[in-house]
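Grab a pencil and let's work through a few backbone puzzles together. Try each task on your own before you read the solution.

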Amino acid sequence: MPWIHYHVSDNGKAKACCIANIPLGNVNEQSFDEIWNGKPIQDLRTKFLKGEIDKRCSGCYKLEDAEGKSIRQETFEKFPEIIPTEIEVKEKPIYFDIRFSNVCNFRCRTCWHGASSKWFNDAKALGRNITEKAIIENITDFDKFITETGEALLGAKEIYFAGGEPLVTEEHYLLLDWLIENKATNIYLRYNTNFSILKFKNYEAIEYWKQFDRVEVMASVDATHELGEYIRKEFNWKLFLKNREEVKELDNLTFKLSPTVSVMNMKHLPKLYKTGLELNLIQPKDFYINILERPFYFNIKALPQEKKQEVESIFQEFFNWDKSNSIPNEIVKSFQESLDFMNHEDLSAKYWPQYIKETKILDELRGEDQLIQ
């Protein structure tokens, strides 16, 4: 990642990736060149070239140790031709992950104020807000950012948008305008989105996507119907189905269901996948599982043993169903990896009571009573 990737997140911090908290600089205070070949990133490249492990990368290594698939591994698979050799890199990054702010229209249970402006009032009521305002700007001056980073952006192979929620973030559309003006429509656009709004202000996402060669939408849907709406507050299953129909006209767009796997929806994953196929929402290969690690009380390792056994039974039915439905091997493998991750460690004694406590607190605050057990 330090040879190919440029990630901008909270308060303008450039980091090694979206998982590891390894700061490389600040785009609001430093130039692109100062960050891309500055001392922090060169120190990290030096360490990696020596084959040393940085403890701040523990998220990926823990996931791999528990038989899950990490972003580290995915990146090797995605860019196999990249073989790092130098500490100072003349080439620009080819893979960008830009998060302009925490602007979002959802209050997902597994989220927090730092990644969702909509979470602000709940967070304030709980004493967990991280600023005294709802919106947290990561990039404070869009024009300056483009001036500093534009040359590199035009050479990118992929730009990944997440949030907040990119489809309700104006700077996201301003960047697409800029890319189109500069005839950089061959860049692969990839989204992690709640997929609730396709028209924002005067911007229509579909009209933008038509102008790019390849677009991938990973819809953050954790379950169908009421359960999905409970986990991701403001999510509407019927509206989601409507929006899915609208983008089916785009031949250049790949649509995936991308659930965040937690104690609330682990046993419902097979149902979500099968519903996606039955309703023609996805192709059999288009299901991307994101295993949550923190907060630990949402981690599937925190499920009590009897609930893990229930999950195993449901998953075994799914594996048997697969034998007559020819599900792609990589999808079956991802389900098995989730199961292996769940069973790798027992965190239930410490974290399941905390899950019960936290869920009841939020239920009371939101006027809900649907404790998922």
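Keep in mind that this model is predicted.

**Exercise 1.** Find out which residues of helix H11 are buried and what they pack against.

*Solution.* Start with the helix itself, which covers residues 269-278. Buried means under 20% relative accessible area. Going along H11 with that cut-off, you pick out Leu-269, Pro-270, Leu-272, Tyr-273, Thr-275 and Gly-276. Next, look for the partners of these buried residues: they pack against helices H10, H12 and H13, and also against strands S12 and S13.

**Exercise 2.** Work out what phi Asn-280 has and whether this residue is buried, partly exposed or exposed.

*Solution.* First, place the residue: Asn-280 follows H11, in the loop that leads to S14. Then read its phi, which is positive, near 60 degrees. Most residues other than glycine have a negative phi. Finally, check accessibility: at 43%, Asn-280 counts as partly exposed.

**Exercise 3.** Do the same for Lys-201: where is it, and what is its phi?

*Solution.* Lys-201 sits in the loop between strands S8 and S9. Its phi is about 55 degrees, so positive, although Lys-201 is not a glycine. As for accessibility, Lys-201 is exposed, with a relative accessible area of 59%.

**Exercise 4.** Locate the cis peptide bond that ends at Gly-164 and the one that ends at Pro-295.

*Solution.* Remember that most peptide bonds are trans. Gly-163 and Gly-164 are joined by a cis bond with omega about 5 degrees, and Gly-164 lies in the loop between S6 and H7. For Arg-294 and Pro-295, omega is about -5 degrees, again cis. Pro-295 is in the loop between S14 and H12.

Technical notes: Residues numbered from 1 in each chain as written. Predicted model: local features only at pLDDT ≥ 70, side-chain atom pairs only at ≥ 80, totals over all residues. Heavy atoms only, no water. Buried < 20%, exposed > 50% of the residue type's maximum accessible area, 1.4 Å probe, protein only. Helix = DSSP H or I, 4+ residues; strand = E, 2+ residues; numbered from the N terminus. Contact = heavy atoms within 4.5 Å.
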